[in-house]
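These are my notes on a single chain, taken while I looked up its strands, its core and one acidic residue. I began with the burial criterion and then worked outward.

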Amino acid sequence: VQLPASGGGLVQAGGSLRLSCAASGFIFSIDTMTWYRQAPGKQREVVASITRRGSTNYADSVKGRFAISRDNAKNTMDLQMNNLKPEDTAVYYCAVISTARTYWGQGTQVTVSS
């Protein structure tokens, strides 16, 4: 099972990034897919999640700026991040649930400069 995340980088405030996560090696279907983030000195938090049927949830801090999507056929998940703010700086992780177990990816760094 692998969950590599990509798309992170350095961007100025107000800019955009698109994160991607490609799940591979899963025998059974993937249920909820979630983006988490962890800033230095802070706890890991949920950014956005999407169910297999496409229902989404967002942290209040990113509503209206971020959009999560997935492709069930390819087992991929994206996070379009617009109007980025310095407080969005964190390591972003993708996580998926399959057969009631949570699998974590390695994370990708997002840095937003002011």
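A residue counts as buried under 20% relative accessible area, as exposed over 50%, and as partly exposed in between. I note at the outset that this is a predicted model.

Entry 1: Asp78.
I looked up Asp78 and found it in strand β8. Is Asp78 buried or exposed? Its relative accessibility is 18%, so I entered Asp78 as buried. I then asked which side chain makes a polar contact with that of Asp78. It is the side chain of Arg18, at 3.2 Å. Leaving aside residues up to four places away in sequence, I listed what Asp78 touches: Arg18, Leu19, Ser20 and Cys21, then Trp35, and finally Ala67, Ile68 and Ser69.

Entry 2: the sheet around β8.
I next traced the sheet that holds β8. It is open, has four strands in the order β1-β3-β8-β7, and pairs them antiparallel. Why do β1 and β7 each have one side without a neighbour in the sheet? β1 (5-6) and β7 (66-71) stand at the edges with a single partner strand each, so one side of each is left free of a neighbour there. Between β7 and β8 (residues 76-81) I recorded six bridges, with the two strands antiparallel. Within this pairing, Ala67 has Gln80 of β8 as its bridge partner.

Entry 3: the nonpolar core.
I turned to the largest nonpolar core, which has 30 residues. Which residues have the most contacts inside it? They are Trp35, Leu79, Met81 and Tyr92. I then checked which strands supply at least two residues each: β3 (17-22), β4 (33-38), β5 (45-50), β7, β8, β9 (90-98) and β11 (108-113). The largest share, four residues, comes from β9. Trp35 thus appears twice in my notes, among the core residues with the most contacts and among the residues that Asp78 touches.

Entry 4: β4, β5 and β6.
I followed β4 into β5 and recorded five bridges between these antiparallel strands. Arg37 stands opposite Glu45 of β5. The hairpin of β4 and β5 has six residues between its strands, and in it Gly41 takes a positive phi near 80°. From β5 I went on to β6 (residues 56-58), where three bridges join the two strands, again antiparallel. Here Ser49 stands opposite Asn57 of β6. How many residues lie between the strands in the hairpin of β5 and β6? There are five, and Gly54 takes a positive phi near 100° in this hairpin.

How values were computed:
Residues are numbered from 1 along each chain as its sequence is written. This is a predicted model: local features need pLDDT of at least 70, side-chain atom pairs count only at pLDDT 80 or more; totals for chains, interfaces and linings use all residues. Side-chain values use heavy atoms; hydrogens and water are left out. Two strands pair if DSSP finds at least two bridges between them. A nonpolar core is a set of buried Ala, Val, Leu, Ile, Met, Phe, Trp, Tyr and Cys residues joined through side-chain atoms within 4.5 Å. Buried means under 20% relative accessible area, exposed over 50%, partly exposed in between (1.4 Å probe, protein chains only). A polar contact is a pair of N or O atoms within 3.5 Å; within protein, one must be able to donate a hydrogen and the other to accept it, and residues adjacent in sequence count only if both atoms are side-chain atoms. Contact means heavy atoms within 4.5 Å.
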